[in-house]
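Good morning, everyone, and thank you for making time for this. I would like to walk you through one structure, moving from a single side chain to the interior and then to the empty space.

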Amino acid sequence: MNVQDRRRILGPAGAKPLVFANAEAKEDKTVKEETQLNKNLSISLQRGIISNANGSSIVETSGISLLTSVYGPRSTRSMSFEPRATLNIILQSNKFDTSNLKEISNFLISVLQCCVCLEKYPKSGIDLFINFNIEDEDELVQYIPIMIMSCMIALMDADIEVSDIIGGLTIDHTAVCLGQNGDQLLGLWKDPSSDEQDALVLNETIAKCQEQYSSSRQQLIEFISNC
Amino acid sequence: MSLSIAEKSYLFDSLSSAQALRPDGRLPYQFRPIEIYTDFLPSSNGSSRIIASDGSECIISVKSKVVDHTVEKDLVQVDIDIAGERDDSILVESITSLFNKIIDTIDVSKLQLTQKYSFKIYIDVLVLSTYSYPVSLISFGIYSALNSTYLPKLISSFDDLEVEELPTFHDYDLVKLDVSPPLIFVLAIVGDNIFIDPAFNESKVANNGLIISWSQGKVIAPVRTMALNNTYVKGFKPSLVQEGIDLVNKYGQDIVNALV
């Protein structure tokens with residue numbers, strides 16, 4: 001294993017890490033699970049797909065398939081001392097334009113900052129790449145719950161510490177991200193839509209999401225504990 | 001400028017306590033004083049310069065072009081530049097994307113000239129300096145710039161489908177552009193409290209931020225949360241979203257009245 005200690009001054013540039021002769025070949029940890037979340041929405045979860053990434057996952061529903069890979073925690077080139085890791089998310093899609101994707105990735109960073117223990121990894125950076133393999137849904141807001149789920153699996157696959165298992169749901173063109181058993185709101189995303197009501201009331205949408213949150217969280221926990 | 005751990009802890013405690021006290025003594029719905037100058041660029045159809053009390057400054061220019069609206073669907077375009085940030089940085093791109101989404105809520109029929117042609121409005125924003133999340137400042141600037149925009153007066157006929165003709169304009173007369181531009185409010189959530197228009201030091205200790213759009217007397221989409229710093233970010237009580245929306249609904253009109 002190639003692990004650098006980022007808390008100390010690094011060795012010379014050409015230094016090679018110690019490799020023990022009887023280092024075991026990494027076993028293939030690809031696990032697959034298919035479950036029925038709602039009656040109409042089945043989700044397929046897989047992890048440990050990309051061998052040269054620290055962690056990876058594929059989450060698939062009928063119209064969406066996302067491949068997420070995590071690289072890190074790896075050392076940053078920053079000259080100043082950073083007491084916390086910096087989180088970076090890059091979305092790659094053929095369907096949506098870049099500025100839209102960057103806005104979503106900014107949002108995802110805000111949400112994941114709430115649960116990833118960034119203070120455990122000083123002087124490091126964690127990069128997440130989300131590739132859109134199947135993108136049949138037209139609204140980006142529909143992808144948010146799947147993105148959160150695939151990021152969580154990939155982060156745990158990379159053995160990065162998280163303080164909570166968070167989840168997202170999309171109801172009425174509104175994506176809601178919840179944590180702490182649904183008691184805490186971590187993120188909310190609502191885009192303008194054609195069927196706009198007179199006054200915007202989000203209380204009911206959030207309450208609906210809180211009801212459904214536990215089942216999606218349970219599914220994620222079952223998948224992780226089976227691995 | 002960065003704050004020490006002790007300063008941050010003091011700010012967080014005073015903002016999150018039951019009787020919250022903001023560092024500059026403002027009320028939860030109160031804005032910092034802003035200065036706005038309009039119509040200062042002679043070569044633009046409309047312009048504004050907005051300066052916040054902390055020295056954040058932003059200039060906005062509105063330019064127009066006649067386009068065939070059957071071909072060109074996007075009649076308002078916002079372009080944002082922030083000094084010291086790359087054009088493809090996540091901050092600039094996400095703010096540009098947010099503004100292009102909210103500007104689509106403008107009634108484009110006001111830009112129509114004839115059955116075939118419309119004005120296309122280009123809004124160019126240059127943020128000269130900024131100390132907190134600049135979205136609110138930019139949206140107030142765009143609001144003032146659009147409200148001071150005058151476009152050439154059409155003198156040819158409206159019906160140009162039968163007889164093909166290009167629109168012609170009056171040599172001197174201008175018509176005031178009458179759109180009601182939407183506004184964006186930034187709110188900071190600290191503990192169980194919520195504040196409009198967080199200053200630099202308040203943003204540094206905010207648990208989360210809320211971006212709320214407002215147009216013609218009511219809150220509209222897009223609404224979203226946004227981390228205002230990267231150390232204090234965490235979840236918050238879900239009921240605070242509605243509290244923030246109610247706050248903007250209640251005071252939005254007063255703020256707009258103060259802008260014009």
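Let us begin with A:Arg47, which counts as buried because its relative accessibility is 16%, and buried means under 20%. Please keep in mind throughout that what you see is a predicted model. A:Arg47 sits in strand 2 of chain A, which covers residues 42–47, and its side chain is joined to that of A:Asp157 by a polar contact of 3.0 Å.

From there I turn to the nonpolar interior. The largest nonpolar core has 85 residues, and those that touch the most other members are B:Phe99, B:Ile123, B:Val125 and B:Ile142. Helix 5 of chain B, residues 239–259, contributes the most to this core, namely nine residues. Apart from this core there is another one, of 53 residues, which includes A:Cys114, A:Leu140, A:Met149 and A:Leu220. If we go back to B:Ile123 and leave aside its neighbours within four places in sequence, its contacts include B:Ile60, B:Val62, B:Val76, B:Val78, B:Ile103, B:Ile142 and B:Leu146, but also B:Ser61, B:Gln77 and B:Asp79.

Finally, we come to the empty space. The largest pocket has a volume of about 1300 Å³, and among its 42 lining residues the closest to the centre are A:Gln113, B:Lys204, B:Leu228, B:Asn229 and B:Asn230. Which helix supplies the largest share of that lining? It is helix 1 of chain A, with four residues. As for the character of the lining, 19 of its residues are nonpolar, 16 are polar and seven are charged.

Notes. Residues are numbered from 1 along each chain as its sequence is written. Chains are lettered from A and ligands numbered from 1 in the order in which they are written. This is a predicted model: local features need pLDDT of at least 70, side-chain atom pairs count only at pLDDT 80 or more; totals for chains, interfaces and linings use all residues. Side-chain values use heavy atoms; hydrogens and water are left out. On a 1 Å grid over the protein atoms alone, a cavity is a set of points where a 1.4 Å probe fits but cannot get out, and a pocket is an open set with protein on both sides within 12 Å along at least five of seven lines; lining residues have an atom within 4 Å of a point. Grid points are joined across faces, edges and corners, and a volume is the space filled by probe spheres set on the points. Helices (H or I, at least four residues) and strands (E, at least two) are DSSP runs, numbered from the N terminus. Ala, Val, Leu, Ile, Met, Phe, Trp, Tyr, Cys and Pro count as nonpolar, Asp, Glu, Lys and Arg as charged, and the others, Gly among them, as polar. Buried means under 20% relative accessible area, exposed over 50%, partly exposed in between (1.4 Å probe, protein chains only). A polar contact is a pair of N or O atoms within 3.5 Å; within protein, one must be able to donate a hydrogen and the other to accept it, and residues adjacent in sequence count only if both atoms are side-chain atoms. A nonpolar core is a set of buried Ala, Val, Leu, Ile, Met, Phe, Trp, Tyr and Cys residues joined through side-chain atoms within 4.5 Å. Contact means heavy atoms within 4.5 Å.
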